[in-house]
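Biologist: I am new to this one, so please pick a single part, look at it closely, and then show me how it sits in the rest. Please explain your terms as you go.

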Amino acid sequence: MIEASKSDSWEQKSEIEKVFRELVDSRQFTPAKVLVMVSMGPGAKVFVNELSEAGYTAWDAGQFFDLAYKNIKEL
């Protein structure tokens, strides 16, 4: 897992990309074997698009976590 700001990680995007690439390279993962769940505010959409263009399966999961938290809180 790569930690990022909880609200908007746009300013950290370059550093997040660098850490991601280092992690993938160090473990010798190929894009076809990686699922990336991104939750980093508005920057996620751009990052997911870039990862997809590079052959990775990437999901913008930000809304998922917000909705899941809301539903769990209501229980």
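**From the start of the chain to the pocket**

Modeller: Let's begin with Met1, which is found in the segment before α1. Helices and strands here are DSSP runs, numbered from the N terminus (H or I over at least four residues for a helix, E over at least two for a strand). Before we go on, please keep in mind that this is a predicted model, in which local features need pLDDT of at least 70 and side-chain atom pairs count only at pLDDT 80 or more, while totals for chains, interfaces and linings use all residues. Residues are numbered from 1 along each chain as its sequence is written, and side-chain values use heavy atoms, leaving out hydrogens and water.

Met1 is exposed, with a relative accessible area of 90%. With a 1.4 Å probe and protein chains only, buried means under 20% relative accessible area, exposed means over 50%, and partly exposed lies in between. Met1 also belongs to the part I would like to show you, the largest pocket, which holds about 810 Å³ of space. This pocket is lined by 29 residues, and the closest to its centre are Met1, Ile2, Met37, Val38 and Ser39.

A word on how pockets are found: on a 1 Å grid over the protein atoms alone, a cavity is a set of points where a 1.4 Å probe fits but cannot get out, whereas a pocket is an open set with protein on both sides within 12 Å along at least five of seven lines. Lining residues have an atom within 4 Å of a point. Points are joined across faces, edges and corners, and the volume is the space filled by probe spheres set on them.

Which elements build the lining? At least two residues each come from α1 (13-26), β1 (35-38), α2 (43-53) and α3 (62-74). By residue type, the lining has 17 nonpolar, 6 polar and 6 charged residues. Ala, Val, Leu, Ile, Met, Phe, Trp, Tyr, Cys and Pro count as nonpolar, Asp, Glu, Lys and Arg as charged, and the others, Gly among them, as polar.

Two of those lining elements, α1 and α2, also meet each other. In general, two packed helices are described by the angle between their axes and the distance between the axes. The axes of α1 and α2 come within 11 Å and cross at roughly 35°. These axes are lines fitted to C-alpha atoms over the stretch in contact, and angles run from 0 to 180 degrees between N-to-C directions. The crossing is right-handed: the near helix is turned clockwise from the far one by less than a right angle, while an anticlockwise turn would make it left-handed. On the α1 side, Lys13, Ile16, Glu17, Phe20 and Arg21 make the contact, facing Val46, Phe47, Glu50 and Leu51 of α2. Contact means heavy atoms within 4.5 Å. Sorted by type, this helix contact has 5 nonpolar, no polar and 4 charged residues.

Now follow the chain past α1, into the loop that leads to β1. Arg27 lies in this loop and is exposed at 53% relative accessible area; C-alpha to C-alpha, Arg27 is 13 Å from Met1, although 26 residues separate them in sequence. Gln28 sits in the loop too, and has a positive phi of about 55° although it is not a glycine. Gln28 counts as exposed, at 72% relative accessibility.

Further along, Thr57 lies in strand β2 and is partly exposed, at 39%. The C-alpha atoms of Thr57 and Leu35 are separated by 5.0 Å, with their positions 22 residues apart along the chain. Beyond its neighbours within four places in sequence, Thr57 is in contact with Pro31, Val34, Leu35 and Val36.

Finally, the whole picture: the chain has 3 helices and 2 strands, in the order α-β-α-β-α. Its C-alpha trace spans about 40 × 25 × 20 Å along the principal axes. Of the 75 residues, 25% are buried. Among contacts with a separation of 6 or more, 46% join residues 24 or more positions apart.
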